[in-house]
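Me: I'm new to this one. Could you take a close look at a single part for me, the salt bridges, and walk me through them?

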Amino acid sequence: MPAKSRFTRLDAFTKTVEDARIRTTSGGIVTIVSLIVVLFLAWGEWTDYRRIVIHPELIVDKGRGERMEIHLNVTFPRIPCELLTLDVMDVSGEQQHGVQHGVKKTRLRPQSEGGGDIDSKALSLHAAEDSATHLDPSYCGPCYGASAPTNAAKPGCCNTCDEVREAYARSSWAFGRGEGVEQCEREHYAERLDEQRHEGCRIEGGLRVNKVVGNFHIAPGRSFSNGNMHVHDLKNYWDTPVAGGHSFTHTIHHLRFGPQLPDDFGKKLGNKHLPWTNHHLNPLDGTKQETDDPNYNYMYFVKIVPTSYLPLGWEKKFAGFRDDHSADIGAFGQSVDGSVETHQYSVTSHKRSLAGGDDKAEGHEERMHSRGGIPGVFFSYDISPMKVINREERAKTFLGFVAGLCAAVGGTLTVAAAVDRGLFEGATRLRKLRSKDL
Amino acid sequence: MSGYNDFGPPSHGSSGHNGGFQPAPPPGGNNNGFQPPVSHNGFHSQPHTPGFDHLHSNPHSPSYKKRDLLDEDAFGSKAGNIVSAFDAFPKSKPQYVTRTTTGGKWTVAMLCISLVLFWSELSRWWRGTETHTFAVEKGVEHYMNINLDIVVRMKCQDLHINVQDAAGDRILAGSKLQRDPTNWSQWVDGKGVHRLGRDEHGRLITGEGWTAMHTHEEGFGEEHVHDIVALGRRRARWGKTPRLPWGTREGDSCRVYGSLELNKVQGDFHITARGHGYMEFGEHLDHNAFNFSHIISELSFGPFLPSLVNPLDRTVNTAPAHFHKFQYFMSIVPTTYSVGHPSKSGSTSIFTNQYAVTEQSQEISERTIPGIFFKYDIEPMLLNIVESRDSFFVFCIKIINVLSGALVAGHWGFTMTEWLKEIVGKRSRRSGHSDGVLGSKGHYA
């Protein structure tokens with residue numbers, strides 16, 4: 001048939017006629033070995049195709065969210081919860097308003113008794129407590145010289161011990177143990193304070209703050225801001241019957257900014273993971289600092305880098321990140337499609353005594369510390385403009401897999417054919433030589 | 001023998017479709033390693049076709065006996081044939097294979113190309129690849145070193161060197177660094193001294209054409225990682241101050257050098273004059289003695305590795321007026337250089353810091369504090385540069401791939417040219433003369 005003969009002429013894959021073919025043992029062995037190698041390589045290609053790797057990229061964070069969550073869990077074994085205050089401020093010194101929070105203070109037994117939990121209470125952040133439920137509705141308590149706080153339950157009156165303390169704080173007056181103040185004696189404030197003196201405190205929970213340069217700190221006594229000033233009432237902290245005084249010995253169990261990255265993250269990173277980077281570790285987890293000096297100040301300078309984690313197939317499901325402000329504390333940043341918006345950080349720490357002095361004891365006489373300030377633990381954070389995106393991708397596309405398969409099979413067979421041809425030619429030559437000798 | 005010619009041995013490149021002729025016994029006779037074909041269609045019909053009888057002419061000659069044996073072997077099946085049954089690679093018997101000059105040319109061309117490819121692959125493997133990655137730095141660090149070697153055009157006792165940082169600490173650097181009196185003229189003509197942003201000849205450095213610039217004085221980006229790591233292991237030492245000329249006891253400049261440990265927070269390292277800046281007792285310095293011109297021979301952060309070149313190394317800056325304020329804003333990026341991937345054994349790494357610097361200097365009034373201010377800040381991103389080479393096994397596989405590819409391409413090239421020749425030959429034959437079937441040169445070259 002003419003069509004068949006045309007195609008036959010085009011055939012570039014020459015085939016040797018059966019009768020002219022030679023089959024050798026060495027050829028058989030090479031064939032079997034090459035088949036095994038082909039199977040092995042094909043299996044390698046298949047596992048490569050199924051593997052999921054993470055590609056980190058660095059971009060400039062243009063679409064910045066407005067808010068950021070801070071989760072912390074810090075233990076202070078030598079200060080009672082009554083004396084601790086958590087404040088969040090931004091770079092201008094203003095206290096941040098409208099901070100959503102879910103922080104609670106847990107009273108801990110004294111260190112000598114093992115430091116177990118007693119009870120916990122939700123922390124009120126700059127909000128007045130309303131505990132005067134049993135009083136006459138027309139009761140209006142005196143403020144003992146200070147003007148009534150603006151957020152009092154009843155305007156112009158200080159009905160609870162807390163409101164009197166707030167009034168005093170606003171006038172920048174020290175409060176002390178509240179002797180002679182009727183509201184505090186009724187609430188047994190002084191007694192409560194005294195019996196809790198030996199206890200410790202654990203602060204844990206989350207805060208949702210504005211994403212600006214700022215700081216949050218844990219310091220003793222009630223705080224009050226007036227313009228540029230931010231002051232704390234330190235009287236109760238210093239006048240204490242506890243032997244040795246209170247001190248800011250602390251252990252940071254956990255501090256992170258945003259949700260935690262998935263645990264198998266490090267494994268998926270593969271050989272891009274280098275030992276000096278913290279892909280899902282928080283550098284401050286498990287930090288312990290100890291001191292006996294009540295006038296000691298710890299500072300942590302945190303540099304935050306926004307990070308996001310996009311699982312496989314993310315672009316198809318939902319591309320785009322929207323702040324879900326209604327999400328509860330802890331759920332912020334985790335979207336329904338499995339992507340996670342969080343922050344990694346790098347931190348340096350510094351500590352000094354309030355009296356100043358130098359580091360002569362450590363051999364650094366030239367380092368002089370500044371004087372003043374208040375005791376406490378201060379975290380100053382700064383947000384980097386660079387954002388790290390960790391994207392899950394397949395190591396190879398399907399077509400890549402097919403191409404790799406062809407390459408493996410073709411390459412192996414070509415090499416095996418060459419080897420076999422070489423063996424055959426070599427054997428033939430040897431035979432010729434030997435037959436000549438005979 | 002006429003019948004034999006009809007079939008003609010199949011050439012290397014053409015498509016054979018003939019069947020049913022008996023392969024002649026090989027002219028070597030020795031049967032070792034030569035297994036006759038096991039099964040064929042129509043193999044046994046040959047004794048009946050005319051023209052083949054001459055092969056079996058004399059049953060009693062010794063050569064016939066050998067052939068007879070061979071023929072019997074050819075008909076039998078041996079145990080070793082099982083393995084050879086798997087032989088998937090077609091090899092033709094030598095007498096049915098023709099070698100052509102075109103094929104020879106293609107083979108030579110293919111060999112040359114293979115050699116070139118092999119050489120390029122070898123050099124590429126040997127060079128290795130450089131990977132740059134950024135990540136957030138791990139760890140809570142407290143301290144960082146600064147290494148400084150600067151000559152200021154004022155007398156040593158007139159200078160105050162201090163650091164103030166965000167942690168509220170003030171570091172009296174003056175007590176930790178060495179101060180040597182020297183002369184300005186001994187330094188200003190030093191080799192390689194240039195202004196920040198310009199090269200030795202005063203030309204502006206724009207960074208274009210950096211791949212062509214094989215200047216080895218320029219730092220990091222243009223050097224190879226293994227050079228940097230090797231240099232990093234050399235012992236670090238400060239150079240000696242050149243001796244003052246005979247007779248003078250005090251030069252007009254001061255060389256300040258040494259390493260200092262700072263807090264790893266944002267800070268400000270400054271060199272100011274006595275009496276202007278820090279409150280001291282009655283130590284005012286005459287305004288005409290101020291001259292904050294300086295030559296920075298070395299300014300780096302982290303471990304002291306003098307052979308690495310930083311942006312401010314060997315820069316000179318002259319102050320046109322007495323009350324002049326020099327400000328350098330530096331952003332420090334921690335960097336690690338590794339030869340060999342760090343997770344594998346046998347790799348070496350060095351940890352340094354690179355920085356980017358901008359300068360702002362202006363003349364100021366006599367109410368402001370003059371001096372040289374280095375304001376530094378530390379970036380949270382860590383840059384890792386890893387130079388690695390593929391393992392030898394991977395390299396071998398690559399070479400095998402490349403050579404096989406060249407082989408196959410050569411084979412195809414030959415086939416194509418043969419096919420083209422056939423088409424062209426046919427066209428010319430169709431259009432012109434025909435030589436007849438027999439004895440024509442057109443079939444096989």
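**Salt bridges up close**

Reply: Sure, and a little background helps before we zoom in. This is a predicted model, and its chain A has nine helices and 18 strands. Of the 438 residues in that chain, 47% count as buried. Contacts reach across the sequence too: of those in chain A between residues at least 6 apart, 78% join residues at least 24 apart.

Now for the pairs themselves. Side chains of opposite charge can pair when their charged atoms come close. Over all chains, the structure holds 21 salt bridges, so let's pick out a few from chain A.

Start with A:Lys288 and A:Glu290, whose closest N and O atoms sit 3.6 Å apart in a salt bridge. Both A:Lys288 and A:Glu290 are exposed.

Next come A:Lys235 and A:Asp239, with a salt bridge at 3.4 Å from N to O. Where do these two fall between buried and exposed? A:Lys235 has 38% relative accessibility, so it counts as partly exposed, because that class lies between the 20% and 50% cut-offs. A:Asp239 has a relative accessible area of 45%, so it is partly exposed as well.

Then there's A:Glu204, which forms a salt bridge with A:Arg202, and here the closest N and O atoms are 3.2 Å apart. A:Glu204 and A:Arg202 are both buried, whereas A:Lys288 and A:Glu290 are exposed. Add A:Lys104 to that buried pair and you get a network: salt bridges with shared partners join A:Lys104, A:Arg202 and A:Glu204.

Technical notes. Residues numbered from 1 in each chain as written. Chains lettered and ligands numbered in written order. Predicted model: local features only at pLDDT ≥ 70, side-chain atom pairs only at ≥ 80, totals over all residues. Heavy atoms only, no water. Helix = DSSP H or I, 4+ residues; strand = E, 2+ residues; numbered from the N terminus. Buried < 20%, exposed > 50% of the residue type's maximum accessible area, 1.4 Å probe, protein only. Contact = heavy atoms within 4.5 Å. Salt bridge = Lys/Arg side-chain N within 4 Å of Asp/Glu carboxyl O.
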